[in-house]
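Here are a few notes to read alongside the structure. Have the 3D view open and follow the points in order.

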2 protein chains.
Amino acid sequence: MSKPEKVAKTTSKAKIRQENEKTILKAAESVFAEFGFRGATTSMIAERANIPKANLHYYFPTKQALYRQVVDNIFNIWLQAADSFDDCDDPIEALTRYIEKKMDISRENPMGSKVWANEIIRRAPVIQDYLETTLKDWTESRVAVIQRWIDQGKINPVDPQYLLYMIWSITQHYADFNHQIETLNGGTPLSDAQYQTAKDNAIEIILTGIGAHK
Amino acid sequence: MSKPEKVAKTTSKAKIRQENEKTILKAAESVFAEFGFRGATTSMIAERANIPKANLHYYFPTKQALYRQVVDNIFNIWLQAADSFDDCDDPIEALTRYIEKKMDISRENPMGSKVWANEIIRRAPVIQDYLETTLKDWTESRVAVIQRWIDQGKINPVDPQYLLYMIWSITQHYADFNHQIETLNGGTPLSDAQYQTAKDNAIEIILTGIGAHK
DNA sequence: CTAATTCCTGACCATTTGGTCAAATTAACG
DNA sequence: CGTTAATTTGACCAAATGGTCAGGAATTAG
């Protein structure tokens, strides 16, 4: 954006819209993550996207609409992770894959995770219906899968619901609290190797914790 | 405030100040929790404390000062929990007590927990020095304790740092995401019994997960 | 080329914001 | 009681906020 080179060749009207919306959404995500819906201002978002505020309002008429789009995108990413927890017979394989996927998303998408946290803290004014439908259904079906593992003696009789909360909490933590973790890491972000260790540790403790025998 | 009975006997000037500050701080905590520092407004806080905005500014000259006080109080509560993780020889006893204490705080003080989360998400503009000093020192000393347990073969060789993050994440999750949990619980808050189960589950999985043999 | 369509943006506006202030009220104290 | 100090509050202000709009610039269609 700071570079004024207009790549004239591919600049069609359609492309312009697509690219600008993407830039704005990315800027919006980081501002909403940092300040919440109410604390975020459209001028901050516009500034972070390197466009005039009026231009932002051309693409997204209201702050609400922009926020909704951001939250929607995050929910779609979440759905993607949910898919990786398939109806598998082997708890080790299924859980390892799921935790890994969620940890990867936390690392690659820390801002989205924070927006989600903020939204829940505000008691989900925008996504309450998702929680009550999609999330609830998904959770119930996974609880059933976990319960089956228990009945088959593949894992210890833990309460499936709370096992899920545990997994969600760790993955969420590495995104939302990465500043705290970074500070305790001497002011430098976790390296890829460190993050891998964090991932392995989480998987190891949880799998061992529920008695998933290797 | 809504009741006009002036309890003349105990209404000394000192008491008035003390009580008003307490009321304001409580209101501020819940508003800051819900909207973050930037999203919170002094009139919302004043309204929730049932006093005129000008009166709030009489006790706390700026929003900053009020926020600082709120965050300070939360940090002190955190220190209280930290104490319960003493330099104990028995990992089962020490960790059980610590996790239990943190879970209790999450239940009794969900607003404070959310303010903390918001502050960290904003990259700790107010408490960065606490993180770098008090929290860092405390963490390092506990890492040493856990490492000793490992060296003595009392628990599996997990990375102590990441074990702490795991504990923090669950306790934080039950406070910050209680709305989501409530929604998945059919719209009703977790009962005391359910919360006890959550606590037991977390303790069980973590202790088993690190191989702390009973 | 021209006309239609989309994109861009400085200037503007009503409302909300954090914070002030002077005047009124209440309590404390001798 | 009367004087002093603390508390309360409606009215007010400058700055910031979400959003609008008219008119200009660029692209596309015919």
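1. Start with DNA strand C: H1(A) contributes the most to the surface near this strand, with four residues. Keep in mind that this is a predicted model.

2. Now look at who else joins in around strand C. At least two residues each come from H1 and H3 of chain A, and from helix H2 (42–48), H3 and helix H4 (63–83) of chain B. In total, 24 residues surround DNA strand C, and the closest are Ala54(A), Ser12(B), Thr41(B), Thr62(B) and Lys63(B). Sorted by class, the surface near this strand has eight nonpolar, ten polar and six charged residues.

3. Next, DNA strand D. Which helix gives the most to the surface near it? That's H1(B), with four residues. Helix H2 (42–48), helix H3 (53–59) and helix H4 (63–83) of chain A each supply at least two residues here, as do helix H1 (13–39) and helix H3 (53–59) of chain B.

4. Strand D has 22 residues around it, and the closest are Ser12(A), Thr41(A), Thr62(A), Lys63(A) and Ala54(B). The surface near strand D splits into seven nonpolar, ten polar and five charged residues.

5. Finally, check how the two protein chains meet: 45 residues of chain A are in contact with 45 residues of chain B. On chain A's side, the elements giving two or more residues are helix H1 (13–39), helix H6 (110–121), helix H7 (128–151), helix H8 (160–176), helix H9 (178–184) and helix H10 (192–209). That side of chain A has 21 nonpolar, 14 polar and ten charged residues.

Methods:
Residues numbered from 1 in each chain as written. Chains lettered and ligands numbered in written order. Predicted model: local features only at pLDDT ≥ 70, side-chain atom pairs only at ≥ 80, totals over all residues. Near = placed C-beta within 6 Å. Nonpolar A, V, L, I, M, F, W, Y, C, P; charged D, E, K, R; others polar. Contact = placed C-beta atoms within 7 Å.
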